[in-house]
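Visitor: Could you take me through a few residues of this model, with the reasoning behind each statement?

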Amino acid sequence: MTQPSPHVLSEAAAAWRSRFVSLFDRAPVALAISDAYGLILGANPAFASAWQLQPGKLEGRRLLDILTPTNERQLRRLDEALRSRRRSRYPVEVSWRARGTTRHGRVTVEPVSDPEDDVPRLLVSLTEETGGARPDPVRKDAANGLSAQEARILPLAAAGASGSAIARKVGLTVDGVNYHLTRLCRRFDVPNRPALIARAYVLGLLDPTAWPPRTAAPDGPEQP
């Protein structure tokens, strides 16, 4: 039996790729493809519509820049799976902002293989929650308190310490400190560090009677 020529195989592959792109764009399900580090390589219109954007506006952005995980256990499970290169579907509850509105839903992340890549790509589907009231995630997170690292960083930031000064105090890099502060800003839905500090006092996470700033005890201001 005669084998197809490389030219014929190349044309067939190009046709299938074009067909896949067409199906991807037309799919009613919100889909995106990212690298193993969450860098978005492509998104279909259904996915981009969650932010009321064109698909091209999301390419080159990171998933964690546009989506905020609201379940740390699910996120750790996904991180462990990617590190060990396990193949399965991993749901993660998320929230995001679009035109001044906070939305909630779930992303399902599935590592997929490509013969040309040593590291798998990620197929990401997004489902938005619709209807029904749900607890305010800010209040829920405040009730759960801060992690040990966040409880060390937040009072230092409230005292006006620079990123490098905080890093020296807590034994992190400046990038590590900025990572934690950025995550807190997302969790409490504020745009910057001053707003984060103000929100922390309002939520009772910082003791309003103490200087230098310190975290508040669960049942009231922390005792010296």
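Guide: Before we start, helices and strands here are DSSP runs, helices of at least four residues and strands of at least two, numbered from the N terminus. Please keep in mind that this is a predicted model.

Visitor: Between which two elements does the loop that holds R86 lie?
Guide: R86 belongs to a positive surface patch, together with R73, R76 and R77. As for its place along the chain, the loop that holds R86 runs between α4 (72–83) and β4 (90–98).

Visitor: Is R86 buried, partly exposed or exposed?
Guide: Buried means under 20% relative accessible area and exposed means over 50%, with partly exposed in between. The relative accessibility of R86 is 40%, so R86 counts as partly exposed.

Visitor: Is S95, in strand β4, buried or exposed?
Guide: S95 is part of strand β4, and it touches I66, L67, T68, T70, T102, R103 and H104, leaving aside residues up to four places away in sequence. Its relative accessible area is 10%, and the limit for a buried residue is under 20%. S95 is therefore buried.

Visitor: How far apart in space are the C-alpha atoms of A30 and A48?
Guide: A30 sits in strand β1, which covers residues 30–34, and is buried at a relative accessible area of 8%. Its contacts, not counting residues up to four places away in sequence, include N44, A46 and F47. A30 and A48 are 18 residues apart in sequence, and from C-alpha to C-alpha their separation in space is 7.7 Å.

Key. Residues are numbered from 1 along each chain as its sequence is written. This is a predicted model: local features need pLDDT of at least 70, side-chain atom pairs count only at pLDDT 80 or more; totals for chains, interfaces and linings use all residues. Side-chain values use heavy atoms; hydrogens and water are left out. Buried means under 20% relative accessible area, exposed over 50%, partly exposed in between (1.4 Å probe, protein chains only). Contact means heavy atoms within 4.5 Å. Patches are made of residues with over 30% relative accessible area and no salt bridge: like charges are joined within 9 Å, nonpolar side chains (Val, Leu, Ile, Met, Phe, Trp, Tyr) within 5 Å. Accessible areas come from the Shrake-Rupley method with a 1.4 Å probe; for residues, only the protein chains shown count as cover. A salt bridge is a side-chain nitrogen of Lys or Arg within 4 Å of a carboxyl oxygen of Asp or Glu. Lys and Arg count as positive and Asp and Glu as negative; His and the chain ends are not counted. The place of a charge is taken as NZ of Lys, CZ of Arg, CG of Asp or CD of Glu.
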